[in-house]
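Here are some exercises to work through with the model open beside you. Try each task before you read its solution.

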Amino acid sequence: MAFDGATVRALSHELSARLTDRKISKIAQPEKDELIFTIKGGGETVLLFASANATLPLLYITEERKKSPDQAPAFCMVLRKHLQGGRITEIAQMGAERVIRMSVEHLDEMGDLSTKHLYFEIMGRHSNIIFTDADDTVIDAIKRINSFVSSVREVLPGRRYFIPAQEGKCDPASCTEEYFMSNVIEHPASVSKALVTAFTGFGTTLAEEICARAGVDSAASTASLSDEEKRKLYEALRSYMAALDSGNYTPVIFRDPESNAAVEFSPLPLTYLSDMTEERAESVSAMLFSYYSSKNKTENIKQKSEDIRKLLHTLLARNRKTLAIQEKQLEDTEKADKFRVYGELLHTYGHSAPEKAKEITVDNYYTGEKLTIPLDPRYSAMENASRYFARYDKLKRTRENVTERIEMTKAEIDHLMSIEASLSFAETSADLAEIRREMHEAGFTKKSGNPGKKKPEKAAPLHFITEDGFHVYVGKNNYQNEEVTFKIGSGKDMWFHVKTLHGSHVIIKTEGKELPDQDYIIGAQVAAYYSEGRDADKVEVDYVQRKEVKKTPGTAPGYVIYYTNYSMVVHPSLEGVTKAE
C-alpha cells in the first residue's frame, strides 16, 4: 500500500497523541534525505524517523538508531539552531493531503517565544521536508526546488510555502452525498478509478476497500451501477472515513499465506484481502516500521551502490566486447596449421613447380589427397615455403598470446560478475566500502581521496544458528568469503557453495560433532539463497569439509579450488536458521 491519505491521517493522530507537548532533544541527518528526531517527555525518549527519499518516503516512530556523519549537513544544522530544545505544540495532517505539519515552539535569538513549522510531504518523487517560520515563509528544505526543476512551486529560502492544488479533487472526509452522486459516480470510468480521481489522498487500495465494503465490483463501469449500489458506495465511504477519524485503529500487515511476504498494510482492516494472513501491529508506526524498515535499508544501499553498479556494467560490457574481438583473433589463427603444411609440402615438392607459377598441386601425405597450394610468382617455391613458415610462426605466437589474453579477460569478467553478485548481498555501508576497496585493489577504479588517514570500514559476515544449535557463517563479498573459509572455518567444518554460479562461501561450524542430515540441507539452502540462483526454484550446491578447500596464490579474493566434494539440489531458503544477535 502506498503512503495514502488514510495512512497519513492515522499516523498524524498517533503522532499528535504521542509527541505533542514534548521537547526535541536531538536532531540527526544520517542520510542526505533522512532525519531522526530524539524527542523526550512523559518519562520516555522517542525517535521519530523521517525520509524524503523519492522512492520510499517515510515517517514513523522507530526504535532503530542510525550512525550520523561526522559533519552534520547544512539542513540539519539549521534545524538544530531553531528547533533543538523546542516544544512540539501540534502535529496535524493538512486536509486530506499526504502532508503532516509539526509545529514547534522555542526561544529565538532575542529570547522571545517563537513558532516554526516543519512540513513532512510524503508524495513519492515529490517528497520533501520543508522548514518554515510562523507565517509559512520557507527557511530551508531538505530538497531545494528551483524553477528549473518545478514550474508549479519553488521551494527555496524566502519563498512562501503552499501545497499545490489538486484540480477537481475534494477531501473524502467532507464529501456530501450530493457531491458524490454528481461528481464521482458521473465520472465515466471504472468505479475504482472514479474514486481515486475524485478524492485527495485516495489510492487504489482504499478504492478497492470501499468497493469491497459496498459489495460493488471495482472494475465495473460507474454507468452500470444501480441506485442501490451508488448509495452503498457512499455509505461505505462515510463509514470508512468515520472509523478513520475516530482514532480507533487496528493496524495490520497482510502477508501472502504461502511466501509470508508482506504485500499490504492498513490502519484499519481490509475486507478485500480476507484471503491473506493478518499480522496485527501495536501502533501505526510499528506497522510502518515492520513493513518498510527492511525496504528502506535495501533502497538506501541500492542508491549508495548505484555508482558501483554503473561502473560494473561499463566494465563488463567493455570486457565482453574485448573477449569477442579476442575470440575472433583466435579463430583467425586456426589457419596457422594450414600454412605449416603448405611450407612442408613445398619443401618436398617445390622443385617441380614451374618458374613464376601461381599455384602447384601436390600429394598431401597427411591426408592422401591432392592439395593445391597458392604461390606468389615473384618468389621461388622455396622462398614461398619460407614465407608460409613465417606466417605460421607469427600466427602461432599470436594464438599463444591471444589464448593467454582470453584467459585473463575471462578471469576479469568472472571477478566482475562475482562483485556484481556481492552487491545483491550488501546490507551496510561497511559492506559497500569493502566492495569499493576490492575494486580499487583489483585495478578497476582509480585511487582517490587521502589514503592512510581513515581506517577502512570492515563488515562482519552474516551469522546464523540452526535449530540444532550449529553456527552458520556467510560471506557477503569476496573479502568476507575468504574470512569465512580460511579464518572462521577450520578442518572438519562443512563448507558450501553453489555449483557453477557466483555466490557466498558458507561454513557450518561442527565443533567436532556429527552434523545432522537436516543441517547439511540447511547449509546448502543458505548457500543457494546467497547466490545468483536465489530466485531459481532449484539450485545445485557443492559441499565438502573445509580442509579440502584450497586457495591458489595470485588469484582474486574469494577464488578457491576443491577436487573432492558432494552435491545436492535444493530450493534457496533461510528456513531452519535464525540470525544470531
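Two strands pair if DSSP finds at least two bridges between them. Helices (H or I, at least four residues) and strands (E, at least two) are DSSP runs, numbered from the N terminus. The model is a predicted one, where local features need pLDDT of at least 70, side-chain atom pairs count only at pLDDT 80 or more, and totals for chains, interfaces and linings use all residues. Residues are numbered from 1 along each chain as its sequence is written, and side-chain values use heavy atoms, with hydrogens and water left out.

**Exercise 1. Follow strand β6**

Task: find which residue of β7 stands opposite Ser103, and how many bridges join β6 to β7.

Solution. Step one: Ser103 faces His117 in β7. Step two: β6 (residues 99-107) runs antiparallel to β7 (residues 113-121), and nine bridges join them. Step three: the β6-β7 hairpin has five residues between its strands, and Gly111 in the turn has a positive phi of about 85 degrees. Step four: turn to β5 (residues 87-93), which pairs with β6 in the antiparallel sense over six bridges; here Arg87 stands opposite Glu105. The hairpin of β5 and β6 also has five residues between the strands, and Gly95 takes a positive phi near 60 degrees. Step five: seven of the nine residues of β6 are buried, where buried means under 20% relative accessible area, exposed over 50%, and partly exposed in between (1.4 Å probe, protein chains only).

**Exercise 2. Lay out a sheet and its helix**

Task: give the strand order of the seven-stranded open sheet, then say whether the end-to-end distance of α13 agrees or disagrees with its expected span.

Solution. Step one: the order is β22-β19-β17-β18-β16-β15-β23, with antiparallel pairing. Step two: β22 (566-570) and β23 (577-579) are the edge strands, each pairing on one side only. Step three: within the sheet, β17 (residues 494-498) and β18 pair over three bridges, with Met494 opposite Ile508. Step four: the expected span of a helix is 1.5 Å times one less than its number of residues. The 13 residues of α13 should therefore span 18 Å, and the end C-alpha atoms are 19 Å apart, which agrees. Step five: among the buried residues of α13 are Tyr520, Ile522, Val526 and Ala527.

**Exercise 3. Explore the cores**

Task: identify which residues touch the most other members of the largest nonpolar core.

Solution. Step one: a nonpolar core is a set of buried Ala, Val, Leu, Ile, Met, Phe, Trp, Tyr and Cys residues joined through side-chain atoms within 4.5 Å. Step two: of 74 residues in the largest core, Phe37, Met102, Phe180, Leu195, Phe199 and Leu233 touch the most other members. Helix α6 (residues 227-246) gives the most to this core, with seven residues. Step three: a second, separate core of 25 residues includes Phe464, Val506, Ala527 and Val541. Step four: leaving aside neighbours within four places in sequence, the contacts of Phe37 (heavy atoms within 4.5 Å) include Ile24, Leu79, Met102 and Phe120.

**Exercise 4. Check two backbone angles**

Task: decide whether Asp21 is buried or exposed, and do likewise for Glu511.

Solution. Step one: Asp21 has a positive phi of about 75 degrees although it is not a glycine, and Asp21 lies in the loop between α1 (5-19) and β1 (23-28). Its relative accessible area is 52%, so Asp21 is exposed. Step two: Glu511, in the loop between β18 (506-508) and α13 (517-529), has a positive phi near 55 degrees. At a relative accessible area of 58%, Glu511 is exposed.
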